[in-house]
Amino acid sequence: MAEKIKNKTVFFNPFSKNNPVIVQILGICSALSVTAKLEPAIVMGLSVIAVLAFSNVIISLIRNTIPTSIRIIVQLVVVAGLVIIVSELLKAYAYDVSLQLSVFIGLIITNCILMGRLEAFAMANRPWPSFLDGVGNGVGYTIILVIVAFFRELLGCGTLLGFQVVPNCFYQAGYVNNGLMILPPMALIVVACIIWVHRSYNKDLQEN
Amino acid sequence: MNKQSNVYTVIYIIIMVVVVGVALAFTAMSLKDRQNDNVAADKMRQIISSLRLAPQQDVKAQFAQVITDQYLVNSQGERIDGDAFAVNIANEIKKPAAERQLPVYEAHLADGSLKYIIPVYGAGLWGPIWGYVALDDDASTIYGAFFNHEGETPGLGAEITKDAFSSQFQGKQMFKNGELLPVAVVKAGQAPTNGADYVDGISGGTITSKGVSAMLADCFAPYNAFLQSIRNK
């Protein structure tokens, strides 16, 4: 029973209380680059969930054999190998998706959330909790990405997932898309706003 | 066995590298054919898109039906031997103009009209950009254009793939007073000084827009003799 509760916390904590992006401030680099549009943000989120979950499981399975002095290298090799295999599979079986992902594949390898979870969790836990931890953190990351991309695409292009949502009469009345929203700095500001809102709801996260 | 010893570490690395290497090599080898197939189908899809046609599910059959001829020419406009579809434009572009193999695709549309499709390749902001330009049988009027990119910024440079950008090219002229003067991409509200036809670039995607402009200029120049020979027919 005790283990069950623990698994639950492992899975749900990264959604909000221990969110990798807005609490641990990891993976900000990719949060900036892929959130100009909603669609790449969702695809990136799903790929990170997959890679994070499986690399967590693999590292967890071999965690007792890894020599401490080269553990970072081993983690990196596992992540890089996994990302390449995923990308090759996509190229063969889902070519359209792989075209969309082309640049993000490299970004997944360098995503600090991956190294962070492998080092902090998978190295010390059994495969099943590690899997949950990977999926949980991936989802936590995706939630933030989708929120940021939602506002950036809506305010910057007037579209969502490529569909026009701001009605034409707005434009005729003088409304103009905010081109600044598409540029990377605005992603930082949107993330900062999310952190602000999040912390005002979660008082225990506030530093004195 | 001592897991912190050097011997263990070295053996561990060797095994890991071999296992990962074999896994990657096996994946790459076993998926190679499918991937090449997908790449070829995607190329066909892009060529068909430049003709303002919607690519169908069975793109190979559609390609075979629409594209009636494909061949290579040299910079003197003479036909040379070789497989036009297999030519890698990215490699050709690095050669001096006189040595390039220049692919040309001829298409017959449903209404019987003849179109010439010229592939183009250049550099955007982050990586390569490429496209296909379909010309009417006067070898000057652009019938349709299709552009694609590898890693331009979504919402900015990446907008060159959108119809809103590429449809601007329709009806523009590649020749002015008998001289090849490729269509330019300029900032909205401006016009090129040499009198060429032009389209509006993408705001926020200046480097990519300039890349498209330079790509059209660079890639059409070697075709000059070939296009002139069609015009003189």
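**Exercise 1. Is B:Met16 buried, exposed or partly exposed, going by its C-beta neighbours inside 10 Å?**

The model is a predicted one, in which local features need pLDDT of at least 70 and side-chain atom pairs count only at pLDDT 80 or more, while totals for chains, interfaces and linings use all residues. Residues are numbered from 1 along each chain as its sequence is written, and chains are lettered from A and ligands numbered from 1 in the order in which they are written.

Step 1: recall that a residue is buried if 20 or more other C-beta atoms, placed from the backbone, lie within 10 Å of its own, exposed if 12 or fewer do, and partly exposed in between.
Step 2: B:Met16 has 19 C-beta neighbours inside 10 Å and therefore counts as partly exposed.
Step 3: place the residue, which lies in helix 1 of chain B; helices (H or I, at least four residues) and strands (E, at least two) are DSSP runs numbered from the N terminus.
Step 4: leaving aside residues up to four places away in sequence, B:Met16 touches A:Val74 and A:Val77, where contact means that C-beta atoms, placed from the backbone, lie within 7 Å.

**Exercise 2. Describe the contact between chain B and chain A.**

Step 1: count the residues on either side, which gives 25 residues of chain B in contact with 22 residues of chain A.
Step 2: sort the chain B side by class, which yields 11 nonpolar, 10 polar and four charged residues; here Ala, Val, Leu, Ile, Met, Phe, Trp, Tyr, Cys and Pro count as nonpolar, Asp, Glu, Lys and Arg as charged, and the others, Gly among them, as polar.

**Exercise 3. Determine how helix 1 and helix 2 of chain B are arranged.**

Step 1: helix 1 (residues 6-49) and helix 2 (residues 59-66) of chain B pack at an angle of about 50°, with their axes 9 Å apart; axes are lines fitted to C-alpha atoms, for helices over the stretch in contact, and angles run from 0 to 180 degrees between N-to-C directions.
Step 2: the two helices of chain B are therefore oblique to each other, given that angles under 35 degrees count as roughly parallel, over 145 as roughly antiparallel, 65 to 115 as roughly perpendicular and the rest as oblique.
Step 3: list the residues that make the contact, namely B:Ala41, B:Met44, B:Arg45 and B:Ile48 of helix 1 of chain B, together with B:Val59, B:Lys60, B:Gln62, B:Phe63 and B:Val66 of helix 2 of chain B.
Step 4: by class, the contact of these helices has six nonpolar, one polar and two charged residues.

**Exercise 4. Examine B:Arg52 and B:Ala139, whose phi values are positive.**

Step 1: B:Arg52, a residue other than glycine, has phi near 60° and sits in the loop between helix 1 and helix 2 of chain B.
Step 2: with 17 other C-beta atoms within 10 Å, B:Arg52 is partly exposed.
Step 3: phi of B:Ala139 is likewise near 60°, and its place is in the loop between strand 5 (128-135) and strand 6 (142-149) of chain B.
Step 4: B:Ala139 has 20 other C-beta atoms within 10 Å and is buried.

**Exercise 5. Summarise the make-up of each chain.**

Step 1: chain A has nine helices and two strands, whose order from the N terminus on is α-α-α-α-α-α-α-β-β-α-α.
Step 2: chain B has six helices and 10 strands.
Step 3: buried residues make up 37% of the 208 residues in chain A, and 33% of the 233 residues of chain B count as buried.

Technical notes. Contact = placed C-beta atoms within 7 Å.
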